[in-house]
Structure formats: structure tokens, C-alpha cells
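Hi everyone, thanks for coming along. I'd like to walk you through a structure that may be new to you, so please have a look at it first.

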Amino acid sequence: VKATSTFEPNTAKTFDLHYADGSHLRGFEGKDVVKLGDYEALAPFGVITDCNSPDFNGVDGILGFGLPREYSNMPHPILFSIQAANPELQRKFSFFSTDDEAEVQLGGYDPDTVRGTMWYVGSNDPEDFIVGATSLKFGDELSDSVELLVFKKGTNGQPSALSSIGLPSILDSGTS
């Protein structure tokens, strides 16, 4: 890691985030040239100055891919800046992690890293990764997957309104 000469702090633009588990993040906005693989862009990001969660002990930073909120003082996610500077890149990403390694794939996913079919699902909310879930299956292929969760049918065995649109379900690795 080397020092940067292009970092611009904006300490007047602060954030104070509180989560359901009682943790919080406080800080200010910074801007710098960010390079991820072959892509780079001048990007705003949150500089955390205070966090009460032990989950972040020993962590140098957090790379957020959350969607921007209309009434938030948080900067747009780095992926938006990278995509704006590299229009050929789709605003899609995949990530994989273990206890001591992680990989982010920008623009979609590498087919060599998955077994079976990858399905893309659009978000039901412009500010969150929310999808309508009607059931939960686990397996490599749809034909041999095991259904772990099915939402109940309505009265007289007819599908309920919920079973046709799905239960709003957030896809977020950081949600408590």
C-alpha cells in the first residue's frame, strides 16, 4: 500500500449511521482515485472515524456496494463512479468470501466461479437490494434443488397475494 497524493477530504459532509444491532458508524466524505482491477475512477466514499462494532477491529476499510438513498448524505457507491468512468462496464457485481479471503467481480460474474445457472433478479426498491421471495431452494441445479421454505397458500388452497408477489426480502451481507 502506498500513500496517495490525490485524496480530498470533505469534513463538512458527515454521516452518522445507526443499525438495528446497536452498532454505529460515523465519519465524513472523502474523494480519491480508486482502482479496482482494470477499472479506475475519481470516487467519493465514506471515511469512518468512529465505529463501536468489534466486527471492524483490524479492518482497514469497508467497500460498500449499497444503493444510493434519495435523502441520504452518504456518497454514491464506488461502483457508480467506476461505471460512469467506464461505460462498457455493467453496474452489476458479485462477491465471494471465506473467513480469510474475498473476491469482487465487477460487471457481472465469472462463469468459471459458479456451478449451475446464475439468475439475475431486479430490485423491487430503488434504494435497497430487495426482491420478492416466494420460496427458498438450495442446490446446484433447479431440477435437483431442495426447497427449504415455501410461503403458505391463502384460504381454500388458493395462492395468497403474498405468494404471487413474494415476501420482500433484502439481499445484503451486512444486514443484522
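Before we start, one term: when I say that one residue covers or touches another, I mean a contact, with heavy atoms within 4.5 Å. Please also keep in mind that this is a predicted model.

Let's begin with helix H1, residues 78-85. Is this helix largely enclosed or largely open? Six of its eight residues are buried, so H1 is largely enclosed by the rest of the structure. Being buried here means having under 20% relative accessible area. The residues in question are Ile 78, Leu 79, Phe 80, Ser 81, Ile 82 and Gln 83. And what covers them? Among the elements doing so are strand S2 (24-36), strand S3 (39-51), strand S4 (93-97) and strand S5 (102-106).

Two of those helix residues lead us to the next stop. The largest nonpolar core has six residues in all, and Ile 78 and Ile 82 belong to it, together with Val 34, Ala 41, Ala 43 and Leu 89. Both S3 and H1 supply at least two residues of this core. If you click on Leu 89, you can look at what surrounds it: setting aside residues up to four places away in sequence, Leu 89 touches Tyr 39, Ile 82, Gln 83, Leu 106 and Gly 107.

Now for the charged residues. How many salt bridges are there? The count comes to three.

The one I'll show you first joins Glu 29 and Lys 13, with their closest N and O atoms 3.4 Å apart. This pair links distant parts of the chain, as Glu 29 sits in strand S2 and Lys 13 in strand S1 (residues 8-18), 16 residues apart. Glu 29 is buried, at a relative accessible area of 9%, while Lys 13 is partly exposed at 34%. Glu 29 has plenty around it, too. Beyond its neighbours within four places in sequence, its contacts include Glu 8, Pro 9, Asn 10 and Thr 11, as well as Pro 44, Phe 45, Val 47 and Pro 75.

The other two bridges share Arg 26. In one of them, the side chain of Arg 26 meets that of Asp 16, at 3.2 Å from N to O. Arg 26 lies in strand S2 and Asp 16 in strand S1, so this bridge ties together parts that are 10 residues apart in sequence. In the other, Arg 26 meets Asp 50 at 2.9 Å, N to O. Here the link runs from strand S2 to Asp 50 in strand S3, 24 residues apart. Put together, Asp 16, Arg 26 and Asp 50 form a network of salt bridges. How open are these residues? Arg 26 counts as partly exposed at 30% relative accessibility. Asp 16 is partly exposed as well, at 43%, and so is Asp 50, at 32%.

My last stop is on the surface. Which residues form the nonpolar patch there? They are Leu 136, Phe 138, Val 146, Leu 148 and Leu 149, with about 520 Å² of accessible area together. Strand S7 (135-138) and strand S8 (146-150) each contribute at least two of them, and S8 gives the most, with three residues. Take Phe 138, which is in strand S7: this residue is exposed, with a relative accessible area of 63%.

That's my tour, and I'm happy to take questions.

Key. Residues are numbered from 1 along each chain as its sequence is written. This is a predicted model: local features need pLDDT of at least 70, side-chain atom pairs count only at pLDDT 80 or more; totals for chains, interfaces and linings use all residues. Side-chain values use heavy atoms; hydrogens and water are left out. Buried means under 20% relative accessible area, exposed over 50%, partly exposed in between (1.4 Å probe, protein chains only). Helices (H or I, at least four residues) and strands (E, at least two) are DSSP runs, numbered from the N terminus. Patches are made of residues with over 30% relative accessible area and no salt bridge: like charges are joined within 9 Å, nonpolar side chains (Val, Leu, Ile, Met, Phe, Trp, Tyr) within 5 Å. Accessible areas come from the Shrake-Rupley method with a 1.4 Å probe; for residues, only the protein chains shown count as cover. A salt bridge is a side-chain nitrogen of Lys or Arg within 4 Å of a carboxyl oxygen of Asp or Glu. A nonpolar core is a set of buried Ala, Val, Leu, Ile, Met, Phe, Trp, Tyr and Cys residues joined through side-chain atoms within 4.5 Å.
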